Amino acid sequence: MRPRRDFPSLPAACGALAAALLLVGCAAPTSRPARAPASYSQLSPEQSRDIAIHALGLVGTPYRYGGNTPEGGFDCSGLIGYVYTSRAGVAPPRTVAQLSGFGQSVAPGELRTGDLVVFGRGRPSHAGIYVGEGRFVHAPSSGGTVRLDRLDSRYWAQQNARFRRP
């Protein structure tokens with residue numbers, strides 16, 4: 001018959017476990033994780049492409065102030081909200097002023113499909129969705145329809161565009 005080994009008492013075992021956990025906790029790094037760079041996006045490349053494709057599919061939908069559905073029409077922020085919510089599950093702010101602070105700022109050279117284009121000098125006045133190759137989809141004005149335009153066109157090139165990446 002083998003001799004019985006004595007096990008430490010419960011309080012001693014708990015004390016040893018607490019000391020081990022304390023040492024592990026002390027060894028953990030104390031610095032915060034680095035902030036994400038401006039080019040970071042919570043959207044996958046697939047979601048960004050889906051956003052651009054869906055926005056292009058809405059070209060021709062009537063403009064309607066306050067509109068946010070294909071059946072009822074769109075204003076610029078309603079178009080953005082509808083596309084982002086339906087294709088990426090992201091609910092952007094409802095107004096252009098709020099969109100101007102949504103996500104991260106993006107330099108023009110880093111622009112990619114699915115990014116937001118916000119126009120206006122000082123106070124933001126209009127927004128659209130970048131779909132690539134210098135083009136964006138937006139709902140421009142009463143009596144019009146959702147359309148595809150170029151950032152470098154005579155009118156839009158003068159409108160002080162800023163870019164945001166959700």
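1. T61 counts as buried in this predicted model. Its relative accessibility is 10%, and the cut-off for buried is under 20%, so the residue falls in that class. T61 sits in the loop that runs between helix 2 (45-57) and strand 1 (68-69).

2. The side chain of T61 has a polar atom 2.7 Å from the backbone oxygen of L58. Beyond the neighbours within four places in sequence, T61 is in contact with P70, G73 and F74, and also with T145 and V146.

3. Strand 4 covers residues 116-119, and both of its faces are covered. L116 and V118 point to one side, V117 and F119 to the other, and all of these residues are buried.

4. Strand 4 has strand 5 (residues 126-132) as an antiparallel partner, with 4 bridges joining them. Within this pairing, L116 has I129 as its bridge partner. The hairpin of strand 4 and strand 5 has 6 residues between the strands, and G120 takes a positive phi near 140° there.

5. Strand 8 (residues 161-165) is also joined to strand 4, again by 4 bridges and with the strands antiparallel. Here V117 of strand 4 stands opposite F163.

6. L151 belongs to the loop between strand 7 (147-150) and strand 8. Is L151 buried or exposed? With a relative accessible area of 16%, L151 is buried, because the limit for that class is under 20%.

7. Which residues does L151 touch, leaving aside neighbours within four places in sequence? The contacts of L151 include V117 and F119, two of the buried residues of strand 4. F163, which stands opposite V117, is a further contact of L151. The others are L111, Y130, G134, F136, W156 and A157. As for A161, 10 residues away from L151 along the chain, the C-alpha atoms of the two are separated by 8.2 Å.

8. The largest pocket holds about 250 Å³ of space. Of its 15 lining residues, Y65, C76, S77, V96 and S125 are the closest to the centre.

9. Two helices that contribute to the lining of the largest pocket are helix 3 (76-88) and helix 4 (96-99), each with at least two residues. How many residues of each class make up this lining? The lining has 8 nonpolar, 4 polar and 3 charged residues.

Notes:
Residues numbered from 1 in each chain as written. Predicted model: local features only at pLDDT ≥ 70, side-chain atom pairs only at ≥ 80, totals over all residues. Heavy atoms only, no water. Buried < 20%, exposed > 50% of the residue type's maximum accessible area, 1.4 Å probe, protein only. Pairing = 2+ DSSP bridges. 1 Å grid on protein atoms, 1.4 Å probe; cavity = no way out; pocket = protein on both sides within 12 Å on 5 of 7 lines; lining within 4 Å. Points joined across faces, edges and corners; volume = space filled by probe spheres on them. Nonpolar A, V, L, I, M, F, W, Y, C, P; charged D, E, K, R; others polar. Contact = heavy atoms within 4.5 Å. Polar contact = N/O pair within 3.5 Å; in protein donor to acceptor, adjacent residues only side chain to side chain.
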